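Me: I would like to go through this structure slowly, and to ask at each step how a label follows from a value.

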Amino acid sequence: MKIMAAGHEADSWQPCSMQKLRDVGLADAVDFAARELLNHDLIGITENGREWTRLWYELSLKRVSGSDGPIEITESSAEKLISAAQASAHAHDLMMEVIRSRLENGAALPISLGVLVNEQLEGTRKLTRPKQTDRTDPKVWARNFMLNYVAGLLATFFDLDIERGKETMAIAASDVLFYALERNGAPLNLGTIQNILFHEEHEKAPENQLAKDVRVIRSLILEAVLDDFPS
């Protein structure tokens, strides 16, 4: 049975009180959400943005020897990355990070990237960063991705609705996320959280770019994880 967030009008979007969450046994849910929101690395989301994250998995890139090690990349993936970097500022940044990580660690570059660097040094080719068309703050995108990811976990593990419904006003994952964000020093008002969250089956999800991003990238991450298991 869903527990009501009593004491607030539906259209005011005020979070239920922290005391109410304690009273109904959801204090642990806040602790859980606060931890999970910080686990970008654990689920494979970077704060470099949607395009960077998507390409990372599409091209099967991997870090060798921790966060400062060279990025592992095949010749085929290098060629695709060079092509993407000609049209996307974020892809260009990722390409430059691949080059930097390998040169600084003494790792050989794939042939296509080596040719690119040599042409740059010889002055026969200029590595120009394309104009950035996506103005979404990469860290905001990562935060929104994580909010939806953690909301799904809360719905599964604590039997909560994703967002507060105006008809029922039941305590929802959005209430828990409000206090989890506050605890992590990154507060958002409940109305903003509600606008960021979506249901997989929600009528707005097919038109929601964030929903599409979450589905695509989550699928790519799952494929990458499965590829790491021995066959």
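Me: Which backbone oxygen lies close enough to a polar atom of the side chain of Ser 101 to be listed with a distance, and what is that distance?

Reply: In this predicted model, the backbone oxygen of Val 98 lies 3.0 Å from a polar atom of the Ser 101 side chain. A polar contact is a pair of N or O atoms within 3.5 Å, and the value of 3.0 Å belongs to such a pair.

Me: Why is Ser 101 called buried?

Reply: Buried means under 20% relative accessible area, and Ser 101, with 0% relative accessibility, therefore counts as buried. Ser 101 has its place in helix α6, and, leaving aside neighbours within four places in sequence, it is in contact with Arg 63, Gly 69, Pro 70 and Ile 71.

Me: What makes His 92 buried or exposed?

Reply: His 92 is also found in helix α6, and its relative accessibility is 8%. The limit for buried is under 20%, so His 92 counts as buried. Not counting residues up to four places away in sequence, His 92 touches Ala 85, Leu 127, Thr 128, Arg 129 and Pro 130.

Me: How do you know on which side or sides of α5 its buried residues lie?

Reply: The buried residues of helix α5, which runs over residues 75–85, are Ser 77, Ala 78, Leu 81, Ile 82, Ala 84 and Ala 85. They cover an arc of only 165 degrees around the axis, and this puts them on the same side of α5. An α-helix has 3.6 residues a turn, so residues three or four places apart point the same way. The buried residues of α5 pack against α4 (50–58), α6 (89–104) and α7 (111–122).

Me: How do you know that the length of α8 agrees with what a helix should span?

Reply: Helix α8 has 21 residues, 138–158, and at 1.5 Å a residue they should span 30 Å; the end C-alpha atoms are 30 Å apart, so the two values agree. Among the buried residues of α8 are Trp 141, Phe 145, Met 146 and Leu 153.

Me: What makes Asp 137 a cap of α8?

Reply: A side-chain oxygen of Asp 137 lies 2.8 Å from the backbone nitrogen of Lys 139, and in this way Asp 137 caps the N-terminal end of α8.

Me: What is notable about phi just after α8, and why is Asp 159 called exposed?

Reply: Just after α8, Asp 159 takes a positive phi of about 55 degrees, and it does so as a residue other than glycine. Most residues other than glycine have a negative phi. Asp 159 is found in the loop between α8 and α9 (173–183); exposed means over 50%, so at 52% relative accessibility Asp 159 counts as exposed.

Me: Why is Ser 60 called partly exposed?

Reply: The label partly exposed is for values between the 20% and 50% limits, and Ser 60, with a relative accessible area of 47%, is therefore partly exposed. Ser 60 has its place in the loop between α4 and β1 (62–63), and, although it is not a glycine, it has a positive phi of about 55 degrees.

Me: How confident is the predictor, and where does pLDDT stay under 50?

Reply: The mean pLDDT of the protein is 85, and 85% of its residues reach 70 or more, whereas pLDDT stays under 50 over residues 6–11. For the protein, there are 11 helices and two strands, and buried residues make up 46% of the 231 residues.

Key: Residues numbered from 1 in each chain as written. Predicted model: local features only at pLDDT ≥ 70, side-chain atom pairs only at ≥ 80, totals over all residues. Heavy atoms only, no water. Buried < 20%, exposed > 50% of the residue type's maximum accessible area, 1.4 Å probe, protein only. Helix = DSSP H or I, 4+ residues; strand = E, 2+ residues; numbered from the N terminus. Arc of directions from axis to C-beta. Contact = heavy atoms within 4.5 Å. pLDDT = per-residue confidence, 0-100. Expected span 1.5 Å × (residues − 1). Polar contact = N/O pair within 3.5 Å; in protein donor to acceptor, adjacent residues only side chain to side chain.
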